Every structure is written in structure tokens, then in C-alpha cells.
Amino acid sequence: MLMSSFGKRLSSSQIILLGFAAVILTGSFLLMLPFATRDGSCASFSDALFTATSAVCVTGLIVHDTATYWSMFGQSVILLLIQIGGMGVVTIAVALTILSGRKIGLKQRSTMQEAIAAPQVGGIVRLTGFIIKTVVLIECIGAVLLFPSFYMEFGFSKGLWYSIFHSISAFCNAGFDLMGMYEPYSSLTYFVSHPLVNLTIMALIISGGLGFLTWHDITTHRLQLHRYRMQSKVILSTTAFLILLPAIYFFFGEFSDLPAGERFWASFFQSVTPRTAGFNTVNLTSLSEVGLAIIILLMIIGGSPGSTAGGMKTTTFAVMLSSALSVFRRKEHTHFFGRRIANEVIREAGTLLTMYLMLFLSGGFIISRVEGLPLLACLFETASAIGTVGLTVGITPELGFVSRGILIALMYFGRVGGLTLIFAAMAPRQRTAAKLPQEKMTVG
């Protein structure tokens with residue numbers, strides 16, 4: 001009764017915030033058990049907390065190689081945390097409530113609406129069922145497609161486990177891999193020219209990053225694009241733009257030492273994976289500073305609302321870009337596909353952009369100063385953390401306590417969402433009819 005009363009006093013933002021924190025702490029304690037590691041030694045709380053945060057926040061940054069350090073039990077805990085984090089703590093809780101036969105209250109529906117960025121409370125239970133079915137179907141298809149390649153490489157039982165693990169990790173945009181037996185922290189570099197593995201992993205990453213509402217439009221309306229929500233149209237067009245343009249640059253500007261076939265796969269994979277998956281098929285330290293800067297921008301933008309991906313979100317990027325274009329053209333309103341965007345949405349997008357840039361930059365500056373490392377490398381890691389990506393230039397395992405703490409905070413912020421964090425901390429808005437006097441100010 002006390003817990004029920006306490007839950008009623010919490011806002012939806014606070015429930016989401018505390019839910020993620022509770023799962024992270026539980027995962028940390030499980031990873032500290034002796035049989036969670038291969039050598040039977042207990043992982044330190046710092047290492048377990050970092051790994052659990054990275055898994056729940058579907059980031060993929062690691063301080064120990066997943067394949068060589070964690071046992072089968074430890075890997076299973078990580079995979080479970082990835083699945084919970086990818087689908088969302090609230091989605092899992094609502095799904096369990098539905099399966100138990102209990103009724104979904106208005107507070108749970110409201111929290112679910114905020115968690116998946118649904119436009120309305122009505123139909124939330126049906127949408128939850130759709131999300132569960134979509135996740136299971138896509139992850140199963142991904143595992144089936146990966147199995148022939150991994151079976152040839154690792155045998156039946158190991159190939160099956162690797163197929164399941166990498167399918168869930170890719171769809172949830174987590175970036176955890178089990179390829180450390182080739183070389184620690186090698187990710188998917190041994191499959192750089194493998195068409196089936198490349199296509200499957202990229203398809204899973206894109207699918208997870210589109211958002212469940214977009215998938216609802218796709219499955220409901222199929223090729224009738226004019227019937228899609230305006231948000232789905234923006235997400236699909238922005239996603240295509242953010243994949244094709246960087247891929248063209250990577251093909252002609254990077255990877256010149258690779259044969260044409262490998263360069264094609266490497267270019268597209270490195271364009272897709274910052275959205276926000278964390279796998280890589282080439283050594284990222286071989287990229288030029290321009291290439292690293294492009295990946296940093298893609299990581300900060302991230303995936304789409306209501307998806308398994310983190311980051312600032314494609315819609316935020318699209319709104320800010322369209323808002324700038326409307327100013328250039330001296331138009332009063334920002335619009336997409338014949339629909340006007342509310343000023344409140346533009347303000348929220350500007351706030352998110354400012355927050356992400358401030359946290360990303362300040363985190364990189366502090367880590368660079370504390371660790372004495374090059375600034376670009378540190379900015380790459382902070383962009384990877386706040387975008388919940390998991391790509392790295394190799395400095396994360398060597399970072400000290402303070403720097404790890406910064407990355408943990410950025411991963412948490414990036415997954416729960418900037419506005420969710422602020423709304424959870426701030427008191428409810430007090431409505432008032434009074435307004436302060438307005439005065440003109442010049443900018444630019």
C-alpha cells in the first residue's frame with residue numbers, strides 16, 4: 001500500500017527515471033557475482049556499474065571485453081539488460097502487467113505514452129502488444145539470417161548463441177559483441193566484407209532506430225505514404241539523408257586502402273552504426289579527423305523518438321534544420337509535408353540541442369584535462385556516451401574513476417532523455433495568465 005501510494009505521487013518522468021536506475025543497480029549487483037566472470041573473480045562495483053549502465057542505456061561502451069571477461073551467465077545478464085533497455089523499462093512493466101491479467105491504470109497508460117513518445121493515451125495497450133510482437137519478430141528474423149554465417153564460423157551451439165546475442169544487440173542499438181576471441185575489442189572487423197552479416201546487422205540497426213510508431217505506420221499503411229503520420233515521414237526521410245550522405249563521403253574520402261567491394265560495405269556500415277548501434281567493421285583510429293568529426297555529429301543526432309536508439313533524435317535535428325531554413329526564407333512558420341510545427345516543439349528542439357552540445361563538450365573538455373588525452377578522442381567518447389552509441393577510439397578501458405563517472409552520467413542522460421530528466425527534477429508548471437512586458441532584442 002505504501003509503495004502504491006508512493007508511486008501515485010511520482011510523475012511519469014520520475015517513474016521512467018527511477019525505473020532505469022533500479023534496473024541498472026540490479027544488473028550491477030548481478031554482474032558482481034563470482035560466476036559472472038570467466039575467472040570467477042568478482043568484478044568491482046565500478047566495472048559492474050559501468051557495464052550495466054552501458055547495457056541498459058543500450059550504449060556499448062565497455063571496460064572489459066564482453067566475450068573474454070564475462071562468463072555465459074554474465075553475458076546473459078548483459079543481454080537481458082540490453083533487451084530491457086532497448087524496449088524500455090516502462091514497456092516491459094506494462095507488458096508484464098498485461099500478461100498477468102491485471103488492468104492497466106490511467107497512470108500507467110500516461111507513463112507509457114511518455115516513454116514511447118505516443119501522440120495520445122488511447123490505444124496504448126494495443127500499441128504495447130504491437131511493440132512486443134514487432135520486437136520478437138524482427139529479432140528472430142535477424143537471428144535466423146545471422147545463424148548460417150555464425151554456424152560456419154563457430155559451430156551449432158556457439159553459432160546459435162552468437163546469432164541471438166548479436167541480433168538483440170543490433171536491434172536494440174546496443175553495440176555489444178562477442179567477437180573478442182579473435183582480438184579483444186575487435187567488434188565486427190573480421191566481417192568487413194561479409195555481405196549477409198553486414199546487411200543483417202545494418203537492417204537491424206535501422207529497424208530499431210526508426211521507432212515503434214513509425215513501424216506501426218509501415219505495417220498499417222504499407223506503401224501508402226500519404227497516410228503516414230507527418231512524424232513518420234520526417235523520420236524516414238531524415239534517416240535516409242543521414243545514411244546516404246555520410247556513406248558517399250566515407251566511400252570517396254576514407255578507406256582508400258580497401259578494395260572497392262570492402263570499401264562499399266565499410267562505408268555504408270560506418271554510416272549506419274552511429275545511429276546509435278556501436279558496432280564497427282573497420283578500425284576507427286584509421287579515420288581522418290574529418291571522418292571522426294562526421295561520426296561524432298551522427299552519434300549526437302542518434303535515432304528516432306520511441307525507438308531503441310538514443311541521442312538527440314532525428315526529429316530534433318530535422319526541426320532545427322527546417323526552423324533555420326524558414327528563417328533564411330523569411331517565413332513565419334516551420335513546416336513539414338504541408339503541416340505547420342508548433343512553436344513549443346521548436347523551443348523544445350532548441351533546448352535539447354543546447355543541452356546535448358553543452359554536456360557533450362563539457363564532458364569531453366573535463367576528460368581531456370583530467371586524463372591528459374587528445375581532445376578529439378575525448379569528444380568522440382562523450383558523443384558516443386550521450387548518444388548511447390558505443391563506438392570508441394580505444395580510450396574507455398583506460399579511463400580513471402572521474403572520467404568513467406562522467407561517461408556513466410552521459411549514458412544515463414542520453415537514454416532516459418534530456419526533457420524527461422528535467423521534467424522529473426522540476427516542479428509542475430504553474431499556469432498563469434500574467435505575462436511579462438515584451439521587448440525586441442537583436443540576434444545574429
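Helices here are DSSP runs of H or I with at least four residues, numbered from the N terminus. All the views come from a predicted model.

**View 1. The cavity and its size.** Rolling a probe the size of a water molecule over the atoms shows where empty space is left. Do that here and you find one cavity of 30 Å³ or more. Its volume comes out at about 60 Å³.

**View 2. Who lines the cavity.** Zoom in on the largest cavity and the wall includes Ile-205, Ile-206, Gly-209 and Leu-210. Further along the sequence, Thr-239, Ile-243, Val-272, Arg-275, Gly-303, Ser-304 and Thr-314 are in the lining too. By class, that makes five nonpolar, five polar and one charged residues.

**View 3. Helices behind the cavity wall.** Two helices, α10 (195-210) and α12 (230-253), each chip in at least two lining residues. Which helix gives the most to the lining? That would be α10, with four residues.

**View 4. α15 crossing α16.** Two packed helices are described by the angle between their axes and the distance between the axes. For α15 (residues 314-328) and α16 (residues 343-371), the axes come within 9 Å and cross at roughly 110°. Angles of 65 to 115 degrees count as roughly perpendicular, so α15 is roughly perpendicular to α16. The crossing of this pair is left-handed.

**View 5. Side by side at the α15/α16 contact.** From α15 come Thr-316, Val-319, Met-320 and Ser-323. They meet Val-345, Ile-346, Ala-349, Gly-350, Leu-352 and Leu-353 in α16. Sorted by class, the contact has seven nonpolar, three polar and no charged residues.

Key: Residues numbered from 1 in each chain as written. Predicted model: local features only at pLDDT ≥ 70, side-chain atom pairs only at ≥ 80, totals over all residues. Heavy atoms only, no water. 1 Å grid on protein atoms, 1.4 Å probe; cavity = no way out; pocket = protein on both sides within 12 Å on 5 of 7 lines; lining within 4 Å. Points joined across faces, edges and corners; volume = space filled by probe spheres on them. Nonpolar A, V, L, I, M, F, W, Y, C, P; charged D, E, K, R; others polar. Axes fitted to C-alpha atoms, helices over the stretch in contact; angles between N-to-C directions. Parallel < 35°, antiparallel > 145°, perpendicular 65-115°, else oblique. Left-handed = near helix turned anticlockwise from the far one by under 90°. Contact = heavy atoms within 4.5 Å.
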